[in-house]
Amino acid sequence: VDTSHGISLQNGAVPGEQGKQEKSVKRGNWGNQIEFVLTSVGYAVGLGNVWRFPYLCYRNGGGAFMFPYFIMLVFCGIPLFFMELSFGQFASQGCLGVWRVSPMFKGVGYGMMVVSTYIGIYYNVVICIAFYYFFVSMTRVLPWTYCSNPWNTPDCVGVLDGNLSSRAALNLTQLLNTTQKRTSPSEEYWRRYVLNLSDDIGNLGEVRLPLLGCLGVSWVVVFLCLIKGVKSSGKVVYFTATFPYVVLTILFVRGITLEGAVTGIMYYLTPQWDKILNAKVWGDAASQIFYSLGCAWGGLITMASYNKFNNNCYRDSIIISITNCATSVYAGFVIFSILGFMANHLGVDVSKVADHGPGLAFVAYPEALTLLPISPLWSILFFFMLILLGLGTQFCLLETLVTAIVDEVGNEWIIRKKTFVTLGVAVAGFLLGVPLTTQAGIYWLLLMDNYAASFSLVVISCIMCVAIMYIYGHCNYFKDIEMMLGFPPPLFFQICWRFISPAIIFFILVFTVIQYRPISYNEYVYPTWAISIGFLMALSSVICIPIYAIYKVCRSEGDTLLERLKNATKASKDWGPALPEHRSGRYAPAFSPSTESHLEVQPLQPEKGQSEAAAASPVQGSNGSAHSQDSRL
């Protein structure tokens with residue numbers, strides 16, 4: 001033992017943690033705790049905080065939306081966040097490997113992978129549009145400042161054109177008509193030039209080559225940052241997770257100094273309490289919490305699986321969740337101060353100047369930026385921030401898929417070739433994103449955003465709660481957490497995990513089904529076939545769960561269906577902490593120490609495994625009785 005301590009000290013490990021060194025060589029670990037927290041913040045804080053949250057807030061009754069939002073955060077968001085982090089960290093496995101806890105539910109892991117695939121495809125398209133705006137901002141005058149471009153229509157009225165004063169001479173009715181039809185140069189630039197929007201989702205038109213080029217750029221950037229897995233991305237997040245806050249603060253200070261900013265912020269914060277009775281508001285609050293925290297995407301399990309076994313993920317989950325929601329609210333101030341200024345400038349209500357979805361970030365913002373001195377600089381900064389916010393999430397989405405594939409195959413060869421797996425996934429993501437750069441691309445993007453990534457998440461996390469709490473057993477899971485963190489989860493979390501979170505999730509699901517309205521984009525209403533595709537995308541991730549469960553039950557041993565069900569849901573033998581030195585208590589290899597620990601350790605270091613098993617056998621003898629009881633249960 002002394003010699004092995006000597007060796008591991010040379011390797012830079014702590015005495016008594018011989019396996020860890022080997023483990024981190026194999027699978028990789030975070031360089032330190034800050035890397036994990038920053039990556040998770042970068043993952044949770046994404047484009048949604050800028051272009052989804054303020055828009056949801058504006059659509060769902062301003063300040064009244066904060067109420068369901070924070071209720072969902074406390075009773076659903078933070079508990080699920082903590083559950084996923086502890087789940088991944090305990091088993092040190094990606095979103096497929098963790099389901100050794102109850103093999104029948106591995107379909108949940110596949111569902112998470114499908115969701116991450118959809119989001120990964122369209123998320124990078126939004127990043128690529130941000131890249132495009134970033135590149136075209138490198139001019140003396142921003143291209144969406146004036147109405148004198150070939151793509152502009154007669155209805156275009158620029159904020160800086162001075163047209164408003166000259167038109168004041170016209171009679172009042174005409175002026176009112178022009179105000180109603182008024183489009184801003186930034187909106188026309190976005191719709192008529194950048195997207196060159198077609199009239200229908202089925203009319204794809206041509207691929208917009210500038211966007212295609214930017215899509216290539218964004219996938220290359222994501223690939224290069226993940227080329228060494230968490231080793232390389234852990235270094236990148238020091239910049240990508242912190243710099244957006246600098247830019248937000250600059251824009252906030254500039255925003256609140258504008259005339260009319262207070263009106264916008266009042267619109268953002270003044271509650272319309274009648275909306276709180278609308279189930280859609282609660283549904284939006286819940287899906288925004290899921291969407292924003294990244295619950296049920298599989299990314300949290302994946303990121304936590306690279307943690308040290310004893311890391312305090314309880315503290316991390318609270319820090320990250322609250323940072324994420326605070327960022328959403330903060331970004332809302334930045335956006336609404338600018339919307340208020342624009343509304344004041346045009347003499348209309350704040351609700352008239354906002355566009356839906358991504359258009360908020362690519363129309364309202366760019367227009368406001370033309371009003372600032374040295375506007376190209378602000379524009380470059382702003383879109384750089386959007387790029388960084390998007391990349392932080394995109395890293396984790398890609399890493400989720402790669403980790404799941406590598407952990408699932410799990411042999412020496414694929415671990416060595418992980419970079420090629422990353423490359424393969426990136427190339428596939430790029431090719432699947434190409435249709436989203438066509439003239440109908442934005443329709444497809446919003447279709448994916450609305451269907452693929454909303455309520456399937458709710459179903460997945462509900463089933464995950466049930467599987468861990470009721471099938472695996474809450475007592476077992478609380479003991480696992482105590483073994484890992486040194487204390488059981490606080491009572492509030494125990495109650496939330498067992499009753500409140502699944503109940504809330506279920507009620508939202510029911511409400512949403514009742515309150516469902518088909519999707520539209522501005523005046524365009526989606527045809528039935530497109531909405532059917534949307535439902536198929538939503539269904540494709542959820543359908544993995546029953547399909548895999550049926551497959552697993554059929555493959556299980558047992559004469560009756562009940563026996564098969566029991567065997568299919570029972571935790572497999574290799575469930576538990578990944579490293580042999582953490583497998584104590586009921587995970588201690590009790591019956592035949594040599595074989596079981598050999599099984600567990602073989603891929604890491606066969607000789608060490610056997611010597612450790614031999615050294616530890618007296619302890620296991622005393623644990624034998626307890627262990628046999630556990631396995632009978």
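I'll start with one residue, Ser541: its relative accessible area is 0%, so Ser541 is buried. The cut-off for buried is under 20% relative accessible area. Keep in mind that this is a predicted model.

Where does Ser541 sit? Ser541 is in helix α26, which runs over residues 528–542. Its side chain has two polar partners I want to mention. One is the side chain of Ser456, at 3.5 Å. The other is the backbone oxygen of Ala538, which the Ser541 side chain reaches at 3.1 Å. If we leave out residues up to four places away in sequence, Ser541 touches Gly111, Val114, Val115, Ser456 and Ile460. So Ser456 turns up in that contact list and also as a polar partner, if you want to find it on the screen.

Next, the protein as a whole. There are 633 residues, and 56% of them are buried. The secondary structure comes to 30 helices and two strands. Take the contacts between residues at least 6 apart in sequence: 82% of those join residues at least 24 apart. The accessible surface is about 25500 Å², and carbon and sulfur atoms account for 66% of that.

Now the core. In soluble globular proteins, nonpolar side chains tend to be buried together. Here, the largest nonpolar core has 190 residues, and Tyr133 and Tyr526 have the most contacts inside it. Helix α7, residues 106–136, gives the most to this core, with 19 residues. As for Tyr133, its contacts beyond four places in sequence include Trp144, Tyr189, Trp190, Phe362 and Phe383. Val194 and Pro366 are also among them.

Last, an annotation. Which residues does the UniProt "binding site" cover? The unreviewed entry gives Ala44 and Asn49. I am reporting that from the record.

Ala44 is in helix α3, residues 33–44. Its relative accessibility is 2%, and therefore Ala44 counts as buried. Asn49 is in helix α4, residues 47–51. Asn49 is buried too, because its relative accessible area is 1%.

The two residues touch each other. Setting aside neighbours up to four places away, Ala44 also touches Ser292, Leu293, Ile320 and Asn324. For Asn49, the contacts include Ser292 and Asn324, along with Pro54, Thr327, Ser328 and Ala331. Finally, the side chain of Asn49 reaches the backbone nitrogen of Gly46 at 3.0 Å.

That is all I have.

Terms used. Residues numbered from 1 in each chain as written. Predicted model: local features only at pLDDT ≥ 70, side-chain atom pairs only at ≥ 80, totals over all residues. Heavy atoms only, no water. Helix = DSSP H or I, 4+ residues; strand = E, 2+ residues; numbered from the N terminus. Buried < 20%, exposed > 50% of the residue type's maximum accessible area, 1.4 Å probe, protein only. Polar contact = N/O pair within 3.5 Å; in protein donor to acceptor, adjacent residues only side chain to side chain. Contact = heavy atoms within 4.5 Å. Core = buried A, V, L, I, M, F, W, Y, C linked by side-chain atoms within 4.5 Å. Areas by Shrake-Rupley, 256 points an atom, 1.4 Å probe, with all protein chains shown as cover. UniProt positions renumbered as here; feature names shortened; annotations may be inferred.
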